Amino acid sequence: MELPSVEFLNICNEERFKEIVKSLFELAPILFERIIECKPFQSYEDLIDKAEEICNNFNEEEKIETISGHPLIGRPSSNMSKQSLKEQGSSDVPEEVYEELEVKNQEHIDVFGFPFIIFVNGRSRPEILNILKERLEQYKNKEMEREDELNSSVKDLFLIARDRLKKSKIINSML
């Protein structure tokens, strides 16, 4: 993925800014509205740090709105960003895994009130499915709180953004 210079990011119009930043995070409107007010940025790391600080100071409802913009893990869909499609891969995954991920994703939403978000980091869908099942089981057994899962989702949202930045090439043109 290519990103324009941070200097360009700081002077571009709102629509272009949104397009660029969305390549780092699946950008919820509430976060976009706050992060654009923080211009200028010293670097893309600075942008991510400020976005994370904003999100960490959100109330529960705002955090949920922020992470709800992220696609569900599982079967690739047309509303996923190019980055999400690439990160989640399309290796040979048995149909049963996709089906169970869909069921468990919905169960996560029903139980917690927000989607399951995790920094995939090269893990397979079966591995992700096991983590999702573990989280649901931990909550059911009162080994974790809803707030723990929400904070974990927010943390992973920014791990994803940092990983995307690390894999990006910053170019000096104005894309």
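Start your tour by selecting I131, a buried residue with a relative accessible area of 18%. The cut-off for buried is under 20%, so I131 falls on the buried side of that limit. You are looking at a predicted model, so every stop on this tour is a stop in a prediction.

**Stop 1: around I131**

Colour helix α8, where I131 lies. Now show the neighbours of I131: leaving aside residues within four places in sequence, I131 is in contact with F116, I118 and R123. Pick the C-alpha atoms of I131 and I118 and your viewer should show a separation of 9.1 Å. These two residues are 13 places apart along the chain.

**Stop 2: the whole chain**

Zoom out and switch to a cartoon view. How many helices and strands does the chain have? There are nine helices and two strands. Trace the chain along its sequence and you meet them in the order β-α-α-α-α-α-α-α-α-α-β.

The chain has 175 residues, and 48% of them count as buried. If you turn on the surface, you will see what the chain exposes, about 9,500 Å². Carbon and sulfur atoms supply 46% of that area. For contacts with a separation of 6 or more, 69% are between residues 24 or more positions apart.

**Stop 3: two helices side by side**

Select helix α4, residues 44-56, and helix α9, residues 146-166. Two packed helices are described by the angle between their axes and the distance between the axes. Here the axes come within 11 Å and cross at roughly 170 degrees. Angles over 145 degrees count as roughly antiparallel, which is why α4 is described as roughly antiparallel to α9.

Which residues make the contact? On α4, show Y44, E45, I48, D49, A51, E52, C55 and N56. On α9, show V154, F158, A161, R162 and L165. Colour these residues by type and you will find eight nonpolar, one polar and four charged.

While α4 is on screen, notice how its contact residues are spaced. An α-helix has 3.6 residues a turn, so residues three or four places apart point the same way. I48 and E52 of α4 both take part in the contact with α9.

**Stop 4: helix α5**

Next, select helix α5, residues 60-67. Its buried residues are E62, K63, I64, T66 and I67. What do they pack against? Show α3 (29-35), α4 and α9, and you have the helices that the buried residues of α5 pack against. Then look at the start of α5, where a side-chain oxygen of N59 reaches to within 3.0 Å of the backbone nitrogen of E61.

**Stop 5: H108**

Move to H108 in helix α7. Is H108 buried or exposed? H108 is buried, with a relative accessible area of 0%. Display the side chains of H108 and E149 to find a polar contact of 2.8 Å. A polar atom of the H108 side chain also lies 3.4 Å from the backbone nitrogen of F116. Not counting residues up to four places away in sequence, H108 touches G113, F114, P115, F116, L132, L136 and E149. You have met F116 before, as a contact of I131.

**Stop 6: loops**

Select E26, in the loop between α2 (14-22) and α3. E26 is buried, with a relative accessible area of 6%. Its side chain is joined to that of R164 by a polar contact of 3.0 Å.

Now go to P40, in the loop between α3 and α4. Look at the peptide bond that joins K39 and P40: this bond is cis, with omega about 0 degrees.

Carry on to N121, in the loop between α7 (95-112) and α8 (125-140). N121 counts as exposed, at 54% relative accessibility. Phi of N121 is near 50 degrees, a positive value in a residue other than glycine. For another distance to try, N121 and D163 are 8.4 Å apart, C-alpha to C-alpha, with their places 42 residues apart in sequence.

Finish at K142, in the loop between α8 and α9. K142 is exposed, with a relative accessible area of 72%. Although K142 is not a glycine, its phi is positive, about 60 degrees.

Definitions and conventions: Residues numbered from 1 in each chain as written. Predicted model: local features only at pLDDT ≥ 70, side-chain atom pairs only at ≥ 80, totals over all residues. Heavy atoms only, no water. Helix = DSSP H or I, 4+ residues; strand = E, 2+ residues; numbered from the N terminus. Buried < 20%, exposed > 50% of the residue type's maximum accessible area, 1.4 Å probe, protein only. Contact = heavy atoms within 4.5 Å. Areas by Shrake-Rupley, 256 points an atom, 1.4 Å probe, with all protein chains shown as cover. Axes fitted to C-alpha atoms, helices over the stretch in contact; angles between N-to-C directions. Parallel < 35°, antiparallel > 145°, perpendicular 65-115°, else oblique. Nonpolar A, V, L, I, M, F, W, Y, C, P; charged D, E, K, R; others polar. Polar contact = N/O pair within 3.5 Å; in protein donor to acceptor, adjacent residues only side chain to side chain.
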